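Reader: I'd like a close look at one part of this model, the way its helices pack against each other. Could you walk me through that, with some residue-level detail along the way?

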Amino acid sequence: MTGKLRQGASNLAGISLIALVWYGVSLFTPAYILPRPETVVARIWEWGLDAPSLASYGLTASGLLPNLWVTMQTVVASQLLALSIGVPLGLASANHSRLRAAINPIVMTGTTVPILVLAPFFLVWFGVGRTTSVLLVLLYGISLFTIYSQRAGRALSPVYADSARALGASRWRVLRDVLFPAAVPAIIGALRVSLSGAWGLAAIAELLGASSGTGVMIRVLVGQFDVVGLMAVIILICAVALFADFLVFLLGRLLLRWRAE
């Protein structure tokens with residue numbers, strides 16, 4: 001418990017330090033370049049549910065929270081799909097060299113090609129909308145989950161799978177009861193890494209072509225040179241991303257409590 005409290009205090013101290021540095025620098029910087037923290041917080045409160053000044057820019061919903069909800073849906077949908085595709089693919093390829101040789105070049109490419117390069121193709125193929133945003137984030141997530149699951153499966157001693165087969169377990173049972181439990185720590189790690197990038201990727205995907213979402217708000221606010229509004233959107237995304245990471249951390253503690261025991 002003492003260790004947890006110490007870690008929580010360290011995290012809070014880090015966030016407080018950033019806020020203090022921000023406030024200190026803003027005292028000597030024009031407000032149109034770096035507004036003060038209280039100004040940004042006031043804007044978040046003011047634009048929380050509705051932002052009338054942005055209503056004329058074609059946004060389906062003009063408030064911060066409605067647009068954040070759109071981005072959140074993109075992130076959650078893409079991560080769930082990536083989990084359901086990437087984990088089985090990674091575990092199945094862990095002990096099959098031919099399958100591994102076939103998919104590894106593809107998944108490695110998925111983590112290295114910038115989204116700005118792929119976005120124009122996806123916009124042509126799937127059009128402007130939610131589907132394109134989900135697919136762009138999904139591609140990155142599948143690659144990460146496949147790589148992490150595959151490495152976790154390969155790191156497991158073959159003795160366990162061989163013992164299960166000797167006891168009559170089918171390939172499916174070996175995958176479900178031996179490989180998957182062993183890969184859970186790696187899957188949780190992959191989820192945290194994937195989530196950390198998914199929020200930014202979703203915003204960029206919306207920035208390139210969507211009718212709502214935080215990326216669309218950023219595009220409109222850049223056109224207005226509204227630095228306060230921009231920082232309000234970014235801080236809100238960061239806060240939600242940190243909270244989502246904390247939830248995944250708690251999920252990992254819950255699923256892996258057997259290791260502590």
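Author: Of the 261 residues in the chain, 39% count as buried. Keep in mind that this is a predicted model. The chain has eleven helices and zero strands, so the pattern along the sequence, by the DSSP runs used here, is simply α-α-α-α-α-α-α-α-α-α-α. Along the principal axes, the C-alpha atoms fill a box of roughly 70 × 55 × 25 Å. As for contacts between residues at least 6 apart in sequence, 68% of them join residues at least 24 apart.

Now to the packing you asked about, starting with H4 and H6. Helix H4 covers residues 97-112 and helix H6 covers residues 130-155; their axes come within 8 Å and cross at roughly 135°. That angle makes H4 oblique to H6, because an angle has to be over 145 degrees to count as roughly antiparallel. The crossing of this pair is left-handed. On the H4 side, the residues that meet H6 are Arg100, Ile103, Asn104, Val107, Met108, Gly110 and Thr111. Facing them from H6 are Tyr140, Ser143, Leu144, Thr146, Ile147, Gln150, Arg151 and Arg154. Sorted by class, the contact of H4 with H6 is a mix of six nonpolar, six polar and three charged residues.

H6 has another partner to look at, helix H5 (residues 115-126). H5 and H6 pack at an angle of about 140°, and their axes are 10 Å apart. These two helices are therefore oblique to each other as well, but H5 passes H6 in a right-handed crossing. H5 brings Ile115, Leu118, Ala119, Phe122, Leu123 and Phe126 to the contact, while H6 brings Thr132, Leu135, Leu136 and Leu139. By class, that comes to nine nonpolar residues, one polar and no charged. Put the two H6 contacts side by side: the one with H4 includes three charged residues, and the one with H5 has none.

Next, go further along the chain to H9 (residues 214-223) and H10 (residues 227-255). Their axes come within 9 Å and cross at roughly 160°. H9 and H10 are therefore roughly antiparallel to each other, and their crossing is left-handed. From H9, the residues in this contact are Thr214, Met217, Ile218, Leu221 and Val222; they meet Gly229, Leu230, Val233 and Ile237 in H10. The tally for the contact of H9 with H10 is seven nonpolar, two polar and no charged.

The loop between H9 and H10 holds a residue you may want to check, Phe225. Its phi is near 55°, a positive value in a residue other than glycine. Why flag that? Most residues other than glycine have a negative phi. Phe225 is also exposed, with a relative accessible area of 75%.

Thr214 of H9 turns up again if you look from Thr71, which sits in helix H3 (residues 64-94). Beyond its neighbours within four places in sequence, Thr71 is in contact with Trp199, Ala202, Glu206, Gly213 and Thr214. With Glu206 there is a polar contact, side chain to side chain, at 3.0 Å. Is Thr71 buried or exposed? At 1% relative accessibility, Thr71 counts as buried, because the cut-off for that is under 20%.

Gly200 belongs to helix H8, which spans residues 171-208. At 35% relative accessibility, Gly200 counts as partly exposed. How far is Gly200 from Ile218? They are 18 residues apart in sequence and 12 Å apart in space, C-alpha to C-alpha. Ile218 is one of the H9 residues that meet H10.

For a contrasting separation, take Val159 in helix H7 (residues 158-166). Val159 and Leu208 are 49 residues apart along the chain, and their C-alpha atoms are separated by 49 Å. Val159 itself is exposed, with a relative accessible area of 52%.

To pull the packing together: H4 and H6 cross obliquely, with a left-handed crossing. H5 and H6 are oblique too, with a right-handed one. H9 and H10 run roughly antiparallel, again with a left-handed crossing.

Notes:
Residues are numbered from 1 along each chain as its sequence is written. This is a predicted model: local features need pLDDT of at least 70, side-chain atom pairs count only at pLDDT 80 or more; totals for chains, interfaces and linings use all residues. Side-chain values use heavy atoms; hydrogens and water are left out. Helices (H or I, at least four residues) and strands (E, at least two) are DSSP runs, numbered from the N terminus. Buried means under 20% relative accessible area, exposed over 50%, partly exposed in between (1.4 Å probe, protein chains only). A polar contact is a pair of N or O atoms within 3.5 Å; within protein, one must be able to donate a hydrogen and the other to accept it, and residues adjacent in sequence count only if both atoms are side-chain atoms. Contact means heavy atoms within 4.5 Å. Axes are lines fitted to C-alpha atoms, for helices over the stretch in contact, and angles run from 0 to 180 degrees between N-to-C directions. Angles under 35 degrees count as roughly parallel, over 145 as roughly antiparallel, 65 to 115 as roughly perpendicular and the rest as oblique. A crossing is left-handed if the near helix is turned anticlockwise from the far one by less than a right angle, and right-handed if clockwise. Ala, Val, Leu, Ile, Met, Phe, Trp, Tyr, Cys and Pro count as nonpolar, Asp, Glu, Lys and Arg as charged, and the others, Gly among them, as polar.
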